[in-house]
Amino acid sequence: MNATAKKLTITAIVAVAVIILTPAMGLTRAEADDRSGVVIDFGYWDTVWIPLVFNGMDGYQLLEKACELKGYPLVYQDDEHTIVHSINEQSNLQGKRWGMYILDGGEWVQCDDPRSVTFGEGDIVSWARALGPDDVILGTDQTGFTYYSYADSGHSLKTGEKLRVVSLAPSVTETICSIGGLEYIVGTDLYSNYPEGIVERKAEGKIKNVGGYSDPNYEWIVKLGPDIVFCEGGTGEHVAMADKLRKSGIDCVVTYDVTNIDLLYDNIWLVASAMGLSENANSVIQAFRGTFDAVSGVIGYQASVRTFIALSADPSPWTSGNNTFASSIISKVSGTNVFDSQSSSWFMVSKEQIHAKQPQVMIILHNNEITSQEEYERFLERIDPVWRETPAYRNGNIYVFTGQAADLLSRPGPRLAQAAELLGKALHPEQFEYRDPLDTIPKFLGNDYKDYLKYQRGMV
(Lines give C-alpha, C1' and ligand atoms only; values in the text may rest on other atoms or scores of the structure.)
Protein backbone atom coordinates (compact mmCIF):
# COMPACT_ATOMS: atom_id res chain seq x y z
CA MET A 1 0.00 0.00 0.00
CA ASN A 2 1.46 3.40 -0.96
CA ALA A 3 2.00 6.23 1.50
CA THR A 4 -1.12 8.16 0.56
CA ALA A 5 -3.28 5.11 1.02
CA LYS A 6 -1.60 4.36 4.34
CA LYS A 7 -2.29 7.86 5.65
CA LEU A 8 -5.90 7.73 4.56
CA THR A 9 -6.33 4.23 5.94
CA ILE A 10 -5.09 5.46 9.30
CA THR A 11 -7.53 8.38 9.07
CA ALA A 12 -10.42 6.04 8.37
CA ILE A 13 -9.56 3.71 11.24
CA VAL A 14 -9.05 6.59 13.65
CA ALA A 15 -12.39 8.13 12.66
CA VAL A 16 -14.11 4.95 13.79
CA ALA A 17 -11.97 4.73 16.91
CA VAL A 18 -12.88 8.22 18.09
CA ILE A 19 -16.55 7.29 18.09
CA ILE A 20 -15.88 4.17 20.13
CA LEU A 21 -13.28 5.54 22.53
CA THR A 22 -14.45 9.07 23.25
CA PRO A 23 -16.77 8.11 26.14
CA ALA A 24 -13.87 6.34 27.85
CA MET A 25 -11.31 9.12 27.49
CA GLY A 26 -12.38 11.11 30.52
CA LEU A 27 -12.67 14.31 28.53
CA THR A 28 -12.59 17.59 30.37
CA ARG A 29 -16.19 18.76 30.71
CA ALA A 30 -17.19 21.85 28.75
CA GLU A 31 -18.94 23.12 31.88
CA ALA A 32 -15.50 23.91 33.28
CA ASP A 33 -15.12 26.46 30.49
CA ASP A 34 -16.27 29.58 32.34
CA ARG A 35 -16.15 32.20 29.60
CA SER A 36 -19.30 34.31 29.40
CA GLY A 37 -20.43 36.75 26.77
CA VAL A 38 -22.83 37.69 24.00
CA VAL A 39 -22.61 36.78 20.34
CA ILE A 40 -24.40 39.15 17.98
CA ASP A 41 -25.06 37.09 14.87
CA PHE A 42 -26.14 39.17 11.88
CA GLY A 43 -26.30 36.06 9.70
CA TYR A 44 -24.32 35.22 6.58
CA TRP A 45 -21.15 34.51 8.61
CA ASP A 46 -21.11 37.97 10.15
CA THR A 47 -20.91 37.80 13.93
CA VAL A 48 -19.40 39.77 16.79
CA TRP A 49 -18.31 38.41 20.17
CA ILE A 50 -18.62 40.67 23.23
CA PRO A 51 -17.24 39.27 26.50
CA LEU A 52 -19.37 40.33 29.46
CA VAL A 53 -19.67 39.74 33.18
CA PHE A 54 -23.38 39.03 33.41
CA ASN A 55 -24.11 39.52 37.13
CA GLY A 56 -27.70 38.34 36.94
CA MET A 57 -28.78 40.38 33.92
CA ASP A 58 -31.69 39.18 31.80
CA GLY A 59 -31.56 38.67 28.04
CA TYR A 60 -32.60 42.18 27.05
CA GLN A 61 -30.18 43.75 29.50
CA LEU A 62 -27.39 41.65 28.02
CA LEU A 63 -28.23 42.82 24.53
CA GLU A 64 -28.45 46.46 25.54
CA LYS A 65 -25.11 46.29 27.35
CA ALA A 66 -23.43 44.53 24.42
CA CYS A 67 -24.75 47.12 21.96
CA GLU A 68 -23.62 49.92 24.24
CA LEU A 69 -20.08 48.50 24.36
CA LYS A 70 -19.92 48.13 20.57
CA GLY A 71 -21.67 51.42 19.82
CA TYR A 72 -24.49 49.66 17.96
CA PRO A 73 -27.86 51.42 17.67
CA LEU A 74 -30.59 49.13 19.07
CA VAL A 75 -34.18 49.65 17.90
CA TYR A 76 -37.19 47.89 19.37
CA GLN A 77 -40.36 47.29 17.41
CA ASP A 78 -42.73 47.87 20.34
CA ASP A 79 -43.05 50.25 23.27
CA GLU A 80 -42.54 47.43 25.79
CA HIS A 81 -39.09 46.71 24.34
CA THR A 82 -39.80 43.02 23.82
CA ILE A 83 -39.40 42.74 20.03
CA VAL A 84 -36.06 43.68 18.46
CA HIS A 85 -36.41 45.48 15.15
CA SER A 86 -32.77 46.14 14.30
CA ILE A 87 -29.24 45.97 15.67
CA ASN A 88 -26.65 48.30 14.15
CA GLU A 89 -29.22 49.13 11.45
CA GLN A 90 -29.54 45.44 10.50
CA SER A 91 -33.30 44.84 10.61
CA ASN A 92 -35.45 41.72 10.51
CA LEU A 93 -35.66 39.95 7.17
CA GLN A 94 -38.36 37.78 5.67
CA GLY A 95 -38.13 34.53 7.61
CA LYS A 96 -35.16 35.75 9.66
CA ARG A 97 -35.95 37.59 12.87
CA TRP A 98 -33.86 38.75 15.78
CA GLY A 99 -34.13 36.36 18.71
CA MET A 100 -32.17 35.15 21.71
CA TYR A 101 -30.49 31.75 21.89
CA ILE A 102 -28.76 30.11 24.85
CA LEU A 103 -25.84 27.73 24.51
CA ASP A 104 -26.81 24.51 26.28
CA GLY A 105 -24.73 21.36 25.98
CA GLY A 106 -23.01 22.63 22.86
CA GLU A 107 -26.33 23.40 21.12
CA TRP A 108 -28.25 26.64 20.68
CA VAL A 109 -31.69 26.67 22.31
CA GLN A 110 -34.13 29.46 21.48
CA CYS A 111 -35.52 31.49 24.38
CA ASP A 112 -39.00 32.87 23.75
CA ASP A 113 -38.96 35.20 26.76
CA PRO A 114 -35.51 36.78 27.27
CA ARG A 115 -36.77 38.69 30.29
CA SER A 116 -37.57 35.52 32.21
CA VAL A 117 -33.96 34.28 32.30
CA THR A 118 -31.04 35.63 34.30
CA PHE A 119 -27.46 34.81 33.42
CA GLY A 120 -24.19 34.38 35.26
CA GLU A 121 -20.63 33.17 34.88
CA GLY A 122 -20.06 30.61 32.12
CA ASP A 123 -23.20 31.44 30.13
CA ILE A 124 -23.00 32.11 26.40
CA VAL A 125 -25.88 33.93 24.71
CA SER A 126 -26.46 34.70 21.06
CA TRP A 127 -28.73 37.42 19.75
CA ALA A 128 -29.13 36.22 16.20
CA ARG A 129 -31.01 37.24 13.08
CA ALA A 130 -31.94 33.71 12.14
CA LEU A 131 -34.58 31.21 11.07
CA GLY A 132 -34.09 29.22 14.26
CA PRO A 133 -31.41 27.42 16.30
CA ASP A 134 -30.00 25.54 13.29
CA ASP A 135 -29.43 28.84 11.50
CA VAL A 136 -27.27 30.32 14.27
CA ILE A 137 -23.51 30.11 13.76
CA LEU A 138 -22.08 27.31 15.89
CA GLY A 139 -21.02 28.21 19.39
CA THR A 140 -18.60 25.42 20.28
CA ASP A 141 -15.99 23.17 18.74
CA GLN A 142 -16.63 19.46 18.23
CA THR A 143 -15.91 18.68 21.89
CA GLY A 144 -18.37 21.25 23.23
CA PHE A 145 -15.91 23.98 24.18
CA THR A 146 -16.54 27.60 23.28
CA TYR A 147 -13.83 29.11 21.11
CA TYR A 148 -14.56 32.77 21.82
CA SER A 149 -12.26 35.09 23.78
CA TYR A 150 -9.05 33.23 22.96
CA ALA A 151 -7.77 36.04 20.77
CA ASP A 152 -8.47 39.38 19.13
CA SER A 153 -7.00 40.24 15.72
CA GLY A 154 -4.31 37.58 16.02
CA HIS A 155 -3.25 38.51 19.56
CA SER A 156 -3.77 36.44 22.67
CA LEU A 157 -6.28 37.88 25.12
CA LYS A 158 -4.31 36.28 27.97
CA THR A 159 -0.89 37.78 27.17
CA GLY A 160 -1.61 40.53 24.67
CA GLU A 161 1.17 39.11 22.53
CA LYS A 162 1.01 37.82 18.95
CA LEU A 163 -0.58 34.37 18.88
CA ARG A 164 1.49 31.23 18.87
CA VAL A 165 -0.48 28.47 17.17
CA VAL A 166 0.10 24.73 16.68
CA SER A 167 -1.78 22.58 14.15
CA LEU A 168 -1.94 18.80 14.41
CA ALA A 169 -3.29 17.97 10.92
CA PRO A 170 -2.57 19.02 7.31
CA SER A 171 -6.22 19.93 6.66
CA VAL A 172 -6.27 22.16 9.74
CA THR A 173 -2.96 23.77 8.77
CA GLU A 174 -4.39 24.63 5.36
CA THR A 175 -7.52 26.05 6.96
CA ILE A 176 -5.46 28.27 9.27
CA CYS A 177 -3.44 29.55 6.32
CA SER A 178 -6.56 30.16 4.21
CA ILE A 179 -7.80 32.76 6.71
CA GLY A 180 -4.44 34.52 6.92
CA GLY A 181 -2.98 32.63 9.86
CA LEU A 182 0.35 31.40 8.45
CA GLU A 183 2.43 33.92 10.38
CA TYR A 184 1.05 32.66 13.72
CA ILE A 185 1.94 28.98 13.24
CA VAL A 186 4.90 27.77 15.29
CA GLY A 187 4.31 24.02 15.02
CA THR A 188 2.56 21.47 12.81
CA ASP A 189 2.36 17.74 12.26
CA LEU A 190 4.98 16.08 10.08
CA TYR A 191 2.77 15.92 6.97
CA SER A 192 1.69 19.57 6.76
CA ASN A 193 3.29 20.76 3.52
CA TYR A 194 0.89 23.31 2.05
CA PRO A 195 0.90 26.17 1.28
CA GLU A 196 4.51 26.68 0.21
CA GLY A 197 4.99 29.10 3.08
CA ILE A 198 4.69 26.18 5.51
CA VAL A 199 7.56 24.35 3.79
CA GLU A 200 9.67 27.49 3.69
CA ARG A 201 9.13 28.34 7.36
CA LYS A 202 9.91 24.75 8.36
CA ALA A 203 13.19 24.97 6.43
CA GLU A 204 13.97 28.25 8.21
CA GLY A 205 13.24 26.71 11.61
CA LYS A 206 10.29 29.03 12.28
CA ILE A 207 7.86 26.09 12.36
CA LYS A 208 8.68 22.90 14.24
CA ASN A 209 7.28 19.41 13.71
CA VAL A 210 5.36 18.16 16.75
CA GLY A 211 4.92 14.53 15.71
CA GLY A 212 2.99 12.57 13.13
CA TYR A 213 -0.63 12.91 12.12
CA SER A 214 -1.83 10.11 14.40
CA ASP A 215 0.86 10.39 17.08
CA PRO A 216 1.35 14.04 18.14
CA ASN A 217 3.98 14.50 20.83
CA TYR A 218 2.71 16.20 24.00
CA GLU A 219 6.15 17.34 25.20
CA TRP A 220 7.08 18.85 21.85
CA ILE A 221 3.80 20.76 21.71
CA VAL A 222 4.13 22.15 25.24
CA LYS A 223 7.75 23.14 24.61
CA LEU A 224 6.60 25.56 21.90
CA GLY A 225 4.42 27.45 24.40
CA PRO A 226 1.35 27.72 22.15
CA ASP A 227 -1.63 29.91 22.92
CA ILE A 228 -3.96 27.67 20.87
CA VAL A 229 -3.58 24.13 19.59
CA PHE A 230 -5.87 23.16 16.71
CA CYS A 231 -6.87 19.50 16.50
CA GLU A 232 -8.85 17.50 13.95
CA GLY A 233 -12.11 16.11 15.31
CA GLY A 234 -12.09 12.98 13.16
CA THR A 235 -8.90 11.73 14.80
CA GLY A 236 -9.15 10.05 18.19
CA GLU A 237 -5.59 10.88 19.18
CA HIS A 238 -6.30 14.56 18.59
CA VAL A 239 -9.39 14.54 20.78
CA ALA A 240 -7.41 12.86 23.56
CA MET A 241 -4.52 15.31 23.10
CA ALA A 242 -6.89 18.28 23.37
CA ASP A 243 -8.15 16.94 26.67
CA LYS A 244 -4.61 16.48 27.99
CA LEU A 245 -3.48 19.93 26.87
CA ARG A 246 -6.54 21.64 28.33
CA LYS A 247 -5.81 20.05 31.68
CA SER A 248 -2.35 21.62 31.36
CA GLY A 249 -3.86 25.06 30.84
CA ILE A 250 -3.43 25.26 27.05
CA ASP A 251 -6.44 26.33 24.99
CA CYS A 252 -7.43 23.92 22.23
CA VAL A 253 -9.90 23.95 19.36
CA VAL A 254 -11.13 20.65 17.94
CA THR A 255 -12.48 21.08 14.42
CA TYR A 256 -15.50 19.16 13.20
CA ASP A 257 -15.08 15.89 11.33
CA VAL A 258 -15.85 17.02 7.78
CA THR A 259 -18.48 14.66 6.39
CA ASN A 260 -20.04 17.32 4.15
CA ILE A 261 -19.22 20.75 2.78
CA ASP A 262 -21.29 22.66 5.35
CA LEU A 263 -19.03 21.31 8.09
CA LEU A 264 -16.03 22.63 6.19
CA TYR A 265 -17.61 26.09 6.30
CA ASP A 266 -18.08 25.61 10.05
CA ASN A 267 -14.41 24.75 10.47
CA ILE A 268 -13.24 27.77 8.51
CA TRP A 269 -15.37 29.96 10.75
CA LEU A 270 -14.28 28.12 13.90
CA VAL A 271 -10.56 28.48 13.19
CA ALA A 272 -10.79 32.13 12.15
CA SER A 273 -12.92 33.13 15.15
CA ALA A 274 -10.68 31.35 17.63
CA MET A 275 -7.78 33.43 16.31
CA GLY A 276 -9.77 36.65 16.41
CA LEU A 277 -9.81 36.81 12.60
CA SER A 278 -13.47 36.07 12.01
CA GLU A 279 -13.77 38.82 9.41
CA ASN A 280 -11.43 36.77 7.20
CA ALA A 281 -13.64 33.70 7.36
CA ASN A 282 -16.49 35.31 5.48
CA SER A 283 -14.39 36.08 2.40
CA VAL A 284 -12.93 32.57 2.32
CA ILE A 285 -16.35 30.93 2.64
CA GLN A 286 -17.82 33.18 -0.04
CA ALA A 287 -14.92 32.39 -2.37
CA PHE A 288 -15.45 28.69 -1.76
CA ARG A 289 -19.15 28.99 -2.52
CA GLY A 290 -18.39 31.06 -5.60
CA THR A 291 -16.21 28.30 -6.97
CA PHE A 292 -18.90 25.68 -6.42
CA ASP A 293 -21.51 27.91 -8.06
CA ALA A 294 -19.25 28.54 -11.04
CA VAL A 295 -18.43 24.86 -11.54
CA SER A 296 -22.05 23.82 -11.06
CA GLY A 297 -23.10 26.46 -13.57
CA VAL A 298 -20.81 25.01 -16.21
CA ILE A 299 -21.99 21.44 -15.58
CA GLY A 300 -25.66 22.37 -15.58
CA TYR A 301 -28.33 19.70 -15.35
CA GLN A 302 -26.42 16.62 -16.43
CA ALA A 303 -27.13 12.99 -15.69
CA SER A 304 -25.26 11.81 -12.61
CA VAL A 305 -22.07 9.86 -13.39
CA ARG A 306 -21.35 6.68 -11.42
CA THR A 307 -17.99 7.37 -9.80
CA PHE A 308 -15.55 5.19 -7.86
CA ILE A 309 -12.78 6.73 -5.78
CA ALA A 310 -9.89 4.51 -4.70
CA LEU A 311 -7.19 5.40 -2.20
CA SER A 312 -4.73 3.21 -4.10
CA ALA A 313 -4.55 0.93 -7.13
CA ASP A 314 -4.53 -2.19 -4.93
CA PRO A 315 -7.02 -4.79 -6.21
CA SER A 316 -9.02 -4.35 -2.99
CA PRO A 317 -8.47 -0.70 -2.01
CA TRP A 318 -9.94 1.60 0.57
CA THR A 319 -12.79 3.76 -0.67
CA SER A 320 -15.40 6.17 0.67
CA GLY A 321 -18.92 5.30 1.70
CA ASN A 322 -21.61 7.79 2.57
CA ASN A 323 -21.18 10.55 5.10
CA THR A 324 -17.70 11.47 3.77
CA PHE A 325 -16.35 14.66 2.28
CA ALA A 326 -15.30 12.71 -0.83
CA SER A 327 -18.84 11.52 -1.46
CA SER A 328 -20.16 15.03 -0.81
CA ILE A 329 -17.78 16.57 -3.36
CA ILE A 330 -18.70 13.97 -6.00
CA SER A 331 -22.40 14.74 -5.55
CA LYS A 332 -21.72 18.49 -5.87
CA VAL A 333 -20.40 17.97 -9.43
CA SER A 334 -23.27 15.77 -10.63
CA GLY A 335 -21.71 12.47 -9.74
CA THR A 336 -22.80 9.53 -7.62
CA ASN A 337 -20.36 7.68 -5.42
CA VAL A 338 -21.01 4.04 -6.34
CA PHE A 339 -20.52 3.04 -2.71
CA ASP A 340 -22.59 5.84 -1.23
CA SER A 341 -25.11 3.28 0.03
CA GLN A 342 -22.52 1.91 2.45
CA SER A 343 -22.92 3.16 6.00
CA SER A 344 -19.17 2.83 6.65
CA SER A 345 -17.32 6.08 6.03
CA TRP A 346 -14.01 4.71 4.72
CA PHE A 347 -13.66 0.98 4.17
CA MET A 348 -11.91 -1.70 2.12
CA VAL A 349 -13.79 -2.97 -0.92
CA SER A 350 -13.13 -6.11 -2.98
CA LYS A 351 -12.43 -6.04 -6.69
CA GLU A 352 -15.57 -8.11 -7.21
CA GLN A 353 -17.63 -5.40 -5.50
CA ILE A 354 -16.04 -2.77 -7.72
CA HIS A 355 -16.92 -4.79 -10.80
CA ALA A 356 -20.49 -5.23 -9.64
CA LYS A 357 -20.95 -1.44 -9.35
CA GLN A 358 -19.76 -0.85 -12.95
CA PRO A 359 -18.45 2.68 -12.39
CA GLN A 360 -18.33 5.04 -15.36
CA VAL A 361 -15.38 7.02 -13.98
CA MET A 362 -12.59 5.94 -11.62
CA ILE A 363 -10.57 8.38 -9.53
CA ILE A 364 -7.42 6.74 -8.16
CA LEU A 365 -5.08 8.35 -5.65
CA HIS A 366 -1.45 7.38 -6.15
CA ASN A 367 1.50 8.56 -4.10
CA ASN A 368 4.21 8.48 -6.80
CA GLU A 369 3.80 11.35 -9.23
CA ILE A 370 3.02 10.47 -12.84
CA THR A 371 4.44 13.04 -15.25
CA SER A 372 4.10 11.52 -18.72
CA GLN A 373 1.67 9.60 -20.90
CA GLU A 374 4.08 6.66 -20.94
CA GLU A 375 4.10 6.47 -17.14
CA TYR A 376 0.30 6.68 -17.13
CA GLU A 377 0.01 3.82 -19.63
CA ARG A 378 2.37 1.67 -17.57
CA PHE A 379 0.21 2.44 -14.55
CA LEU A 380 -2.88 1.24 -16.43
CA GLU A 381 -1.11 -1.99 -17.36
CA ARG A 382 -0.82 -2.84 -13.67
CA ILE A 383 -4.51 -2.38 -12.95
CA ASP A 384 -6.27 -5.56 -11.86
CA PRO A 385 -8.01 -7.42 -14.72
CA VAL A 386 -11.31 -7.34 -12.84
CA TRP A 387 -11.17 -3.52 -12.75
CA ARG A 388 -10.79 -3.54 -16.52
CA GLU A 389 -14.23 -5.05 -16.96
CA THR A 390 -15.92 -1.73 -16.17
CA PRO A 391 -17.19 1.14 -18.35
CA ALA A 392 -14.58 3.40 -16.73
CA TYR A 393 -11.68 1.34 -18.06
CA ARG A 394 -13.24 0.46 -21.41
CA ASN A 395 -14.05 4.12 -22.15
CA GLY A 396 -10.72 5.48 -20.95
CA ASN A 397 -12.15 7.30 -17.95
CA ILE A 398 -9.56 6.46 -15.33
CA TYR A 399 -8.04 9.53 -13.70
CA VAL A 400 -5.01 9.29 -11.45
CA PHE A 401 -4.40 11.98 -8.83
CA THR A 402 -0.74 11.90 -7.77
CA GLY A 403 1.61 14.01 -5.67
CA GLN A 404 0.04 17.28 -4.54
CA ALA A 405 -3.12 16.54 -6.51
CA ALA A 406 -3.67 13.44 -4.35
CA ASP A 407 -3.61 15.69 -1.28
CA LEU A 408 -6.69 17.52 -2.59
CA LEU A 409 -8.87 14.46 -2.08
CA SER A 410 -7.25 13.29 1.13
CA ARG A 411 -7.53 16.51 3.16
CA PRO A 412 -10.92 17.91 4.23
CA GLY A 413 -9.77 21.50 3.98
CA PRO A 414 -10.24 24.61 1.83
CA ARG A 415 -8.62 23.04 -1.25
CA LEU A 416 -11.71 20.87 -1.70
CA ALA A 417 -12.89 23.71 -3.94
CA GLN A 418 -10.01 22.89 -6.25
CA ALA A 419 -10.81 19.19 -6.05
CA ALA A 420 -14.40 19.96 -7.05
CA GLU A 421 -13.36 21.70 -10.25
CA LEU A 422 -11.00 18.90 -11.27
CA LEU A 423 -13.60 16.24 -10.48
CA GLY A 424 -16.18 18.18 -12.46
CA LYS A 425 -13.88 18.17 -15.48
CA ALA A 426 -13.30 14.43 -15.08
CA LEU A 427 -17.00 13.59 -14.84
CA HIS A 428 -18.35 16.08 -17.39
CA PRO A 429 -15.48 17.07 -19.70
CA GLU A 430 -17.79 17.94 -22.59
CA GLN A 431 -19.49 20.72 -20.59
CA PHE A 432 -16.21 22.49 -19.89
CA GLU A 433 -14.92 21.97 -23.43
CA TYR A 434 -18.12 23.48 -24.79
CA ARG A 435 -17.30 26.70 -22.91
CA ASP A 436 -13.61 26.54 -23.80
CA PRO A 437 -12.13 23.80 -26.04
CA LEU A 438 -8.81 24.16 -24.22
CA ASP A 439 -10.32 23.71 -20.76
CA THR A 440 -9.49 20.03 -20.32
CA ILE A 441 -7.52 17.97 -17.83
CA PRO A 442 -5.16 15.05 -18.54
CA LYS A 443 -5.86 11.57 -17.19
CA PHE A 444 -3.05 12.08 -14.67
CA LEU A 445 -2.67 15.06 -12.37
CA GLY A 446 0.31 15.84 -10.17
CA ASN A 447 2.08 18.84 -8.71
CA ASP A 448 1.02 20.88 -11.75
CA TYR A 449 -2.70 20.49 -11.03
CA LYS A 450 -3.16 24.26 -10.61
CA ASP A 451 -2.48 24.71 -14.32
CA TYR A 452 -5.91 23.17 -14.97
CA LEU A 453 -7.94 25.38 -12.64
CA LYS A 454 -10.03 28.14 -14.15
CA TYR A 455 -13.06 28.70 -11.93
CA GLN A 456 -11.50 29.28 -8.53
CA ARG A 457 -12.57 32.30 -6.52
CA GLY A 458 -9.52 33.45 -4.62
CA MET A 459 -8.66 29.94 -3.40
CA VAL A 460 -5.69 28.91 -5.56
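The legends below describe several close-up views of one predicted model.

Residues are numbered from 1 along each chain as its sequence is written, and side-chain values use heavy atoms, with hydrogens and water left out. Because the model is predicted, local features need pLDDT of at least 70 and side-chain atom pairs count only at pLDDT 80 or more, while totals for chains, interfaces and linings use all residues.

**View 1. The largest nonpolar core and a second core apart from it.** A nonpolar core is a set of buried Ala, Val, Leu, Ile, Met, Phe, Trp, Tyr and Cys residues joined through side-chain atoms within 4.5 Å, where buried means under 20% relative accessible area, exposed means over 50%, and partly exposed lies in between (1.4 Å probe, protein chains only). The largest such core holds 88 residues, and those with the most contacts inside it are Tyr147, Phe230, Met275, Ile363 and Phe401. Its largest share, 10 residues, is supplied by helix α7 (residues 261-274); helices (H or I, at least four residues) and strands (E, at least two) are DSSP runs, numbered from the N terminus. Apart from this core lies another of 24 residues, among them Val48, Leu62, Cys67 and Val125.

**View 2. The surroundings of Ile363.** A contact is counted when heavy atoms lie within 4.5 Å. With residues up to four places away in sequence not counted, Ile363 touches Thr307, Phe308, Ile309, Ala310, Tyr399, Phe401, Leu409, Leu423 and Ala426. Of these partners, Phe401 is also listed with Ile363 among the residues with the most contacts inside the largest nonpolar core.

**View 3. Helix α7 from its start to the residue that follows it.** The helix has 14 residues and reaches 20 Å from its first C-alpha to its last, close to the 20 Å expected at 1.5 Å a residue, the expected span being 1.5 Å times one less than the number of residues. At its start, a side-chain oxygen of Asn260 reaches to within 3.1 Å of the backbone nitrogen of Asp262. Of the 14 residues of α7, 13 are buried, which leaves the helix mostly covered. After the helix comes Gly276, whose phi is positive, near 70 degrees.

**View 4. The open sheet β3-β4-β5.** Two strands pair if DSSP finds at least two bridges between them, and this sheet of three strands has antiparallel pairing. Its edge strands are β3 and β5, each of which pairs on one side only. Three bridges join β3 (residues 74-76) to β4 (residues 84-87), with Leu74 having Ile87 as its bridge partner in β4. Two bridges join β4 to β5 (residues 90-91): in β5, Gln90 is the partner of Ile87, and Ser91 is the partner of Ser86.

**View 5. Positive phi values in the loops beside β4.** His81 has a positive phi of about 55 degrees although it is not a glycine, and its place is in the loop between β3 and β4. With a relative accessible area of 37%, His81 is partly exposed. In the hairpin of β4 and β5, which has two residues between the strands, Asn88 takes a positive phi near 50 degrees. Glu89, found in the loop between β4 and β5, has a phi near 65 degrees, again a positive value in a residue other than glycine. The relative accessible area of Glu89 is 68%, so this residue is exposed.

**View 6. Helix α3 and the elements around it.** Eight of the nine residues of α3 (residues 170-178) are buried, so the helix is largely enclosed by the rest of the structure. The buried residues include Pro170, Val172, Glu174 and Ile176. Together, the buried residues of α3 pack against β11 (165-167), β12 (185-188), α4 (196-203), β14 (228-232), β15 (251-255) and α7. Following α3 is Gly180, whose phi is positive, near 85 degrees.

**View 7. Two buried polar residues, Ser126 and Asp407.** Ser126, in strand β8 (residues 124-130), is buried, with a relative accessible area of 0%. Not counting residues up to four places away in sequence, Ser126 touches Val39, Asp41, Gly99, Met100, Tyr101, Trp108 and Val136. Asp407 has its place in helix α14 (residues 403-408) and is buried as well, with a relative accessible area of 9%. Leaving aside its neighbours within four places in sequence, Asp407 is in contact with Asn193 and Arg415.

How values were computed. A polar contact is a pair of N or O atoms within 3.5 Å; within protein, one must be able to donate a hydrogen and the other to accept it, and residues adjacent in sequence count only if both atoms are side-chain atoms.
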